[in-house]
Amino acid sequence: MADAHATPHHDYHLVDPSPWPLVSSAAATVMMVGAVMWMKGLFGLPEGTSWLFFAGLAGVLYSAFGWWADVIKESRAGDHTPVVSIGLRYGMVLFIASEVMFFAAFFWIFFEMAVFNEARANIPEISMWADTASAWSTWPPKGIEVLSAWQLPLLNTVILLLSGTTVTWAHHALQVNDRAGAKLALGITVALGLLFTAVQAYEYYHIVHENLFFNEEAVNSGLYGSIFFMATGFHGFHVLLGTIFLIVCLVRLLAGQFTPEKHFGFEAAAWYWHFVDVVWLFLFAFVYVVFG
């Protein structure tokens, strides 16, 4: 009788039973319920109660760490055959495609108001509100003091474009087994990612401190401010995640876990980083320059 536990002779990896799908789903549910409780109050607890949200966030981060650590262990154990690697690449491509649609929603509402603002202001349901119709008759709304595209936004554009070149340098260096060059280039990329986040944080501080988007003179200015912060803020969040992704890759590179033939973890991080670069170029071009 054949050994039931013998290693199967095929190219597909059958994963071991894992707690992470259940744990991460439960943690995400707790985090979202906590967010509602924090913002609106829930279960008799007053608005501003944040402990449940942060408990759920800690669970999500713990699940992500454990799940991805298991994937790395599977790779190092030889479970990522060429067929499995193709599946991982397809998965990353589909993930980035879903992220494209995520940002498409923000660009959609931005272009809706930037291009068709006058038509929207003349809709009967809007035009009956004279102040709102007047604010929507121009874009940005009257009273909004927009940021100059040629100061901090331009600086962040240069930073991200430079980081795109350094991550490509790191990838090429790894492919030709120039490990010193790969470490240097990846370290520079991480530093540029952190610098971008710092510059954006300063930009947001300036907006809030100077009360540029939300002021009494700018009627319904919240429309512009909401679109601006949702689009640029979520992009900044993606840059932060991408920086963490690259830091993990740098740690793995320093530990000797990447080879010229096998380094999809780093490739996935580089793809993601180029994606956030492209999104920022669209944000810079349209939010700051064309309609700023």
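Let's begin with helix H2, which covers residues 51-76. At 1.5 Å a residue, its 26 residues should span 38 Å, and its end C-alpha atoms are indeed 38 Å apart, so the expected and computed lengths agree. Keep in mind as you look around that this is a predicted model.

Most of that helix also carries a label from a record. The unreviewed UniProt entry annotates residues 51-69 as one of its "transmembrane region" spans, and the others are 20-39, 89-111, 184-202, 222-251 and 271-291. In the model, residues 51-69 are 100% helix and 0% strand, with 27 Å between the end C-alpha atoms. The annotated span 89-111 is likewise 100% helix and 0% strand, and its end C-alpha atoms lie 32 Å apart.

Which residues of H2 are buried? They are Leu52, Phe53, Gly56, Gly59, Ser63, Gly66, Glu74 and Ser75. These buried residues pack against helix H1, residues 20-40. A general point about helices helps when you trace such a list by eye: an α-helix has 3.6 residues a turn, so residues three or four places apart point the same way.

Ser75 deserves a closer look. This residue sits in H2 and counts as buried because its relative accessibility is 16%, below the 20% cut-off for that label. Setting aside neighbours within four places in sequence, Ser75 is in contact with His80 and Lys262. Just after H2 comes Gly78, which takes a positive phi of about 90°. In the same part of the sequence you will find Asp79, whose C-alpha atom is 8.8 Å from that of Leu14, although 65 residues separate the two along the chain. Leu14 belongs to the segment before H1, and with a relative accessible area of 64% it is exposed.

Now step back to the whole chain. It holds 9 helices and 0 strands, so the pattern along the sequence reads α-α-α-α-α-α-α-α-α. Of its 292 residues, 38% count as buried. Among contacts with a separation of 6 or more, 71% join residues 24 or more positions apart. The accessible surface of the chain comes to about 16,700 Å², and 70% of that area belongs to carbon and sulfur atoms.

What lies inside? The largest nonpolar core has 53 residues, and those with the most contacts inside it are Trp139, Leu186, Phe228, Phe266 and Tyr288. Helices H3, H6 (152-175), H7 (179-210), H8 (222-254) and H9 (264-290) each supply at least two residues of this core. H9 gives the largest share, with 15 residues. Trp139 is a good place to zoom in: leaving out residues up to four places away in sequence, Trp139 touches Phe110, Met113, Ala114, Asn117, Leu223, Tyr224, Ile227 and Phe291.

Aromatic rings are another thread to follow. How many aromatic pairs does a search of the whole structure find? There are 31. One of them joins Phe102 and Phe106 in an edge-to-face arrangement, 5.2 Å centre to centre with 90° between the planes. Both residues lie in helix H3 (residues 82-121), 4 residues apart, or about one turn of the helix. Their surroundings can be told apart by accessibility: Phe102, at 31%, counts as partly exposed, whereas Phe106, at 14%, counts as buried. Elsewhere, Trp150, Phe196, Tyr204, Tyr224, Phe228, Phe229, Trp280, Phe284 and Tyr288 form one aromatic cluster. Two names there may look familiar, since Phe228 and Tyr288 were listed among the core residues with the most contacts.

To finish, find Thr243 in helix H8. Is this residue buried or exposed? Thr243 is buried, because its relative accessibility is 1%. Its C-alpha atom is 5.7 Å from that of Gly193, while the two residues are 50 apart in sequence. Not counting residues up to four places away in sequence, Thr243 touches Val190, Gly193, Leu194 and Trp273.

How values were computed. Residues numbered from 1 in each chain as written. Predicted model: local features only at pLDDT ≥ 70, side-chain atom pairs only at ≥ 80, totals over all residues. Heavy atoms only, no water. UniProt positions renumbered as here; feature names shortened; annotations may be inferred. Phe/Tyr/Trp six-rings, centres within 6.5 Å; stacked < 30°, edge-to-face > 60°. Buried < 20%, exposed > 50% of the residue type's maximum accessible area, 1.4 Å probe, protein only. Expected span 1.5 Å × (residues − 1). Contact = heavy atoms within 4.5 Å. Areas by Shrake-Rupley, 256 points an atom, 1.4 Å probe, with all protein chains shown as cover. Core = buried A, V, L, I, M, F, W, Y, C linked by side-chain atoms within 4.5 Å.
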